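I opened the notebook today to go through this model and write down what I looked up. I begin with the cysteines, then turn to the surface, and end with the chain as a whole.

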Amino acid sequence: MNENNNHESTKKKLKITGFILLGGGIVLSLVGLINFFASFGTGEFPKLFFCAFIGFPLLGVGAGLLSFAFKREIMRYAKNESVPVINEASEEVSPAMKNVASAVKEGLGEKTVKCPHCGTENPTDGKFCKECGKAITTTCPECGAKVSPDDKFCGNCGAKLTNR
């Protein structure tokens, strides 16, 4: 609790110092610039122009202290402005993301082959039909290589497979 009080006390000091430096910088900058431009018509050397050289750095330091002191308030404002926009965008993107996810899931899904005997869908790595129990893979009549029921030609010898 004491640390939070110290933090708030430091922020208050930064805010006060920042406003004082900012105000002093504005006054000194204006005095220097007004004196500089007023001397154009008279031909005199501007005597208070040095005030601008002190005022401009004070403006920068004061603005920096204030931006540091008001950081929490600035970030809270930015968050409150951004979150509704992000939520709205996520609601608009959500259906598209669901479509992409389902397409990926479908693409990664298990591939199946039909049993040549009963037509039941079976996993490609299965050797026997889960419905009728008969062999899913058959052999090529020409070379004897194992072929899938969906194949129209033998992958080993290229022979046309009958009853396909």
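**Cysteines**

I looked up C115 first and found that C115 is buried, with a relative accessible area of 4%. I keep in mind throughout that this is a predicted model.

Next I asked which cysteine sulfur is closest to that of C115. The closest one belongs to C132, at 3.6 Å, which is too far for a bond; the cut-off I apply here is 2.5 Å between the two sulfur atoms.

I then checked C143, which takes part in no disulfide, since I find its nearest cysteine sulfur, that of C154, 3.7 Å away. With a relative accessibility of 34%, C143 counts as partly exposed, whereas C115 is buried.

To close this entry I searched the whole structure for disulfides, and the search returned zero.

**Nonpolar surface patch**

I looked for nonpolar patches on the surface and noted one of about 550 Å², which is made by V27, V31, L48, F50, F53 and I54.

Which helices supply at least two residues each to this patch? I find that helix 1, spanning 2-42, and helix 2, spanning 50-69, each do so, and that helix 2 gives the largest share, with three residues.

I singled out F53, one of the patch residues, and located F53 in helix 2. I asked whether F53 is buried or exposed, and the answer is that F53 is exposed, its relative accessible area being 59%.

**The chain as a whole**

I counted the elements of the protein chain and recorded three helices and four strands, which follow one another from the N terminus in the order α-α-α-β-β-β-β. I then looked up the radius of gyration of the protein chain, which is 41 Å and so well over the 15 Å that the globule rule gives for 164 residues; the chain is therefore more spread out than a compact globule.

Taken along the principal axes, the box filled by the C-alpha atoms of the protein chain is roughly 115 × 50 × 25 Å. As for burial, I noted that buried residues make up 16% of the 164 residues.

I also looked at contacts in the protein chain between residues at least 6 apart in sequence, and among these 32% join residues at least 24 apart. My last entry is the accessible surface of the protein chain, about 12200 Å², of which 62% belongs to carbon and sulfur atoms.

Key
Residues are numbered from 1 along each chain as its sequence is written. This is a predicted model: local features need pLDDT of at least 70, side-chain atom pairs count only at pLDDT 80 or more; totals for chains, interfaces and linings use all residues. Side-chain values use heavy atoms; hydrogens and water are left out. Buried means under 20% relative accessible area, exposed over 50%, partly exposed in between (1.4 Å probe, protein chains only). Patches are made of residues with over 30% relative accessible area and no salt bridge: like charges are joined within 9 Å, nonpolar side chains (Val, Leu, Ile, Met, Phe, Trp, Tyr) within 5 Å. Accessible areas come from the Shrake-Rupley method with a 1.4 Å probe; for residues, only the protein chains shown count as cover. A salt bridge is a side-chain nitrogen of Lys or Arg within 4 Å of a carboxyl oxygen of Asp or Glu. The radius of gyration is taken over C-alpha atoms; the globule rule is 2.2 Å times the number of residues to the power 0.38. Contact means heavy atoms within 4.5 Å.
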